[in-house]
Every structure is written in C-alpha cells, then in structure tokens.
Amino acid sequence: GEPSEVCTLNCSSEELATFLLKRRFKDDAIATARFLLECTSSLPNAEALSEMIMGEAAVEDDEEEADQEESALQNLGPSVPLPVTQASDKAGAETAADAPQCSIEVSATQPRIKLELSYHPRGISFLTKRGEHIVVPSGAVQEVIVFPKPEDCRPKKSTGTVTWPGRMVLLCLENNIDESHPVQFRNKSLSQICYQLPSSTLPANQSPDVHEQPWLDALASSLDLTNKGALVQIRRVLPASAQCSASSSTHGYAFRSDHNAAFSHTTGGMPFVKCYQGVNDGALYPLKEGLLFFKPPKFVPRSALHSIACGRGAGGSRYVDMVLSLKDATEEGKEGDNLEFSNIDRNELRVLNHYIHDVLVKAMEKDLHQGENEKTTSSTESDGSNNENEVGKRRKRSRR
C-alpha cells in the first residue's frame, strides 16, 4: 500500500523519497529524482557540497576497488621466484643477482606502460610504478601468442655478441569466464595485454629464443597452459649456427614468406608478410591457430573464421588483399563482419594460398568434425534411455 504520512523532522532519506514517489509524483521516478536534485541545488554553497559528497563517494569506490584488487591478488597465491640465470641482460651489463628474482620488468604496448611482471601458482600479476595492479587469473587467458617484432626477426651480422630485443607476448583474455571480476586496469576491462620481454645480449651462435624459454615455461605453468596447448610461439629466423639446441626449432607449422632473390632479400623467408589493416601499416603472421596482425596487435583465432580468401585485386596490380569473413557472434553458422588485410605484395600469393588451403582450412575442417563428434557423443549420452527404447522397438519389429 501507499506509505503513511511522514514527519520531515525525523524521517530517513528512504522514507522521504518513497513518500514523494508514491504520494506526490504517482510512481514517476524521473520526476521524483528531478525534484530532489532541485532541492539540493537550492542549498547554500550547493556546488561545494556536491563536490564534497562526490569526493567521499569516490574515496569509498577507491577503497572498495583496492579491497577487490587485494582479494584477487591473494587468490593467485604467493609470487614464484624465477631462476637466477634469467636476470635480464640490459645492454649486456646486468648479471644474475645472488637472490632469485620474483619479477621482471616488461614494456607493455597495451596498456602502454612499464610493468613489473610476477608469476603466481594460479595466474600472473602486473605492478605499475604507482602501485596499481593488473591481476590475471589463469582462467581468464584464452590464448598466448609469443612473437618477434618484424624488425627483430633476423639478427644483424656479428661475429661477437648480439643484443636481442625481447619477443612480444600477447595475452588474449576471455573475460566472459568471470564477468563479475573481469581483468581491469584503471576501471577499464581489458580484452588483451601485450608486453615485450627483456632484451638479452648473447654470443652470436646462441639462440635468444632458448634464453627466453624459462620465462615462457613459468608463464605456461602460472596460466595452466601446459595441458591446454594455448601457448603459440613464433620464432626468429636465425642462422644455422644459432640454432644449436633442439628446443630452438619451431614446433609444428612455421609460415615463411616468399623467398625469391629477385623479389626481396630483407623480407624473404620471414614468419610474416607486410600489409595494411585499415590505416595501420604492419605485419601479418599466418599461424595454424589463426592470424596475428601487429601493430596494433590483433589476433583472430581460426575458431572465429567463417571463411578466408586471398588474391582479390586487379590483374596488373602489385598488391593483393586477404579478406576474413568472421562468424556472427550472436547466431551460430551465420556470417558476420569482414576483416581485410590489404597491400600484400602479389609475390606472396603462392605461399599464402598454400597456408590457407593446406594448413588453415584443414585445421578448421578438423575442428568442425571434432565438434560434430562431440555433439553426437553428448546427444547420445543425454538421450541414452530414448535410444535404448528405440533399439528395443526395432528388435520387436524384426522378430515380427
């Protein structure tokens, strides 16, 4: 029923608001709110009072956010020490410390900031110089792509030591696993985090990929990627003398751009092709798991593809385009938006078509068959009793 009369001298704010809503404004919430705001603005020093109230609310929000951040950090468990041999070799001057490291400094491009990366039993965390944390639990990471920047794929000629910039690490986040606690930074949900590993100075015959491996092993352990197969590595193109370890070889499919001496001696045999994505001039890395563009980083997993084609363009043009037709996120089996990579040199058409038809499409077909088999198995298990009844009916019919 409607609220009884209220005493304005001792009623609560809730009682007064409810009374106005029901008795004066007949359930018109907007009119009620407008009236109350007008009352507030008519007070002496209204602006100063409003700033004071909003400031108190902001402090409460900050405290609540800090509590949630601390709780999320504690859920990851204590930080895991790194091997002492993995102290970063900045400009070749830094050596391993006596005590094991608990974090490494990385340069992030998304968000663009310097961060301290720590590994934990159930995830990883990043710390800014201002004391802000980015907490990434293991369940929030869908895929990890490790790749060299295009300019860092091939070493400069040297007979002594070589300083290698670290490879980039792209964390593709899957926030819908826990929508109530998404991975956030400064109150904004993140869909991905991209950072660069520390540089290393090594003899020319040593592989920097091998040098970085302990960091990646720790990452795979913290994010529980070992059994998921969700860590994809794109390795540098090294001379034979530097590939001295079996672990330095690329596992699985490794794309290589067209290697034609008449075409190019700088981009031939690379794990990428130069192209544009919109107005961004970058590089496209074809992978069995999907396609990666840099920069800015954008990964399209093959599970998101409806179809893919390469070769469009005028016959006399130097360039071709690759067009990705993406699946509709709202309706299964329906085609969604297109994503286009343009200005790819026509000489790359042969290797790209080989990649599309012999690697990517075959992997997509395998995924499709596997998904159908899983649906069939699930349907069989859920309808087991119905199937048994149907089998019994067929047996009776056969006896007749």
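The crossing of helices H1 and H2 is right-handed. I begin there, and I should say at once that the model we are looking at is a predicted one.

Two packed helices are described by the angle between their axes and the distance between the axes. For this pair, H1 covers residues 13–24 and H2 covers residues 29–41. Their axes stand 9 Å apart, and the angle between them is about 130°. Helix H1 is therefore oblique to H2.

Which residues of H1 and H2 meet? From H1 come Ala17, Leu20, Leu21 and Arg24, and from H2 come Ala29, Thr32, Phe35 and Leu36. By character, the residues of this contact comprise six nonpolar, one polar and one charged.

Let us stay in helix H1 for a moment and consider Thr18, which has its place there. Is Thr18 buried or exposed? Its relative accessibility is 33%, so Thr18 counts as partly exposed. A polar atom of the Thr18 side chain lies 2.8 Å from the backbone oxygen of Glu14. Thr18 can also be placed relative to Ala29: the two are 11 residues apart in sequence, and their C-alpha atoms are 9.7 Å apart in space.

Let me now step back to the chain as a whole. Its secondary structure amounts to six helices and 19 strands. The chain has 400 residues, of which 36% count as buried. Consider next the contacts between residues at least 6 apart in sequence: 56% of them join residues at least 24 apart.

I turn now to three buried residues, beginning with Ser118 in strand E2, which spans residues 112–120. Ser118 has a relative accessibility of 14%, and because buried means under 20%, Ser118 counts as buried. What does Ser118 contact, once its neighbours within four places in sequence are set aside? The list consists of Ser79, Cys102, Ser103, Ile124 and Ser125.

The second buried residue is Phe147, in strand E5, residues 141–147. With a relative accessible area of 0%, Phe147 is buried. Phe147 and Met168 are 21 residues apart along the chain, yet their C-alpha atoms are separated by 5.3 Å. Met168 also appears among the contacts of Phe147 that remain when neighbours within four places in sequence are left aside. The others on that list are Arg167, Leu170, Ile234, Tyr285, Leu292 and Phe294.

The third is Pro271, which sits in a loop between strand E12, residues 231–233, and strand E13, residues 273–277. How much relative accessible area does Pro271 have? The value is 4%, so Pro271 is buried. Not counting residues up to four places away in sequence, Pro271 touches Cys153, Ile234, Arg235, Val237, Phe255, Arg256, Leu284, Tyr285 and Pro286. Ile234 and Tyr285 are on this list, and they are also on the list for Phe147. As for Leu287, Pro271 is 16 residues from it in sequence and 9.0 Å from it in space, C-alpha to C-alpha.

I now come to the backbone, and to the peptide bonds around Lys295. This residue lies in the loop between strand E15, residues 290–294, and strand E16, residues 298–301. A cis peptide bond joins Phe294 to Lys295, with omega about 0°. Phe294, you may recall, is one of the residues in contact with Phe147. The bond from Lys295 to Pro296 is cis as well, and here omega is near 5°. Pro296 is likewise found in the loop between E15 and E16.

Finally, there are two asparagines to consider. What is the sign of phi at Asn187? Phi is positive there, at about 65°, although Asn187 is not a glycine. Asn187 lies in the loop between strand E8, residues 184–185, and strand E9, residues 188–189. Its relative accessible area is 54%, and Asn187 is therefore exposed.

Asn343 also has a positive phi, of about 60°, and it too is not a glycine. Where is Asn343 found? Its place is in strand E19, residues 335–345. With a relative accessibility of 37%, Asn343 counts as partly exposed. Thus Asn187 belongs to a loop, whereas Asn343 belongs to a strand.

Methods
Residues are numbered from 1 along each chain as its sequence is written. This is a predicted model: local features need pLDDT of at least 70, side-chain atom pairs count only at pLDDT 80 or more; totals for chains, interfaces and linings use all residues. Side-chain values use heavy atoms; hydrogens and water are left out. Axes are lines fitted to C-alpha atoms, for helices over the stretch in contact, and angles run from 0 to 180 degrees between N-to-C directions. Helices (H or I, at least four residues) and strands (E, at least two) are DSSP runs, numbered from the N terminus. Angles under 35 degrees count as roughly parallel, over 145 as roughly antiparallel, 65 to 115 as roughly perpendicular and the rest as oblique. A crossing is left-handed if the near helix is turned anticlockwise from the far one by less than a right angle, and right-handed if clockwise. Contact means heavy atoms within 4.5 Å. Ala, Val, Leu, Ile, Met, Phe, Trp, Tyr, Cys and Pro count as nonpolar, Asp, Glu, Lys and Arg as charged, and the others, Gly among them, as polar. Buried means under 20% relative accessible area, exposed over 50%, partly exposed in between (1.4 Å probe, protein chains only). A polar contact is a pair of N or O atoms within 3.5 Å; within protein, one must be able to donate a hydrogen and the other to accept it, and residues adjacent in sequence count only if both atoms are side-chain atoms.
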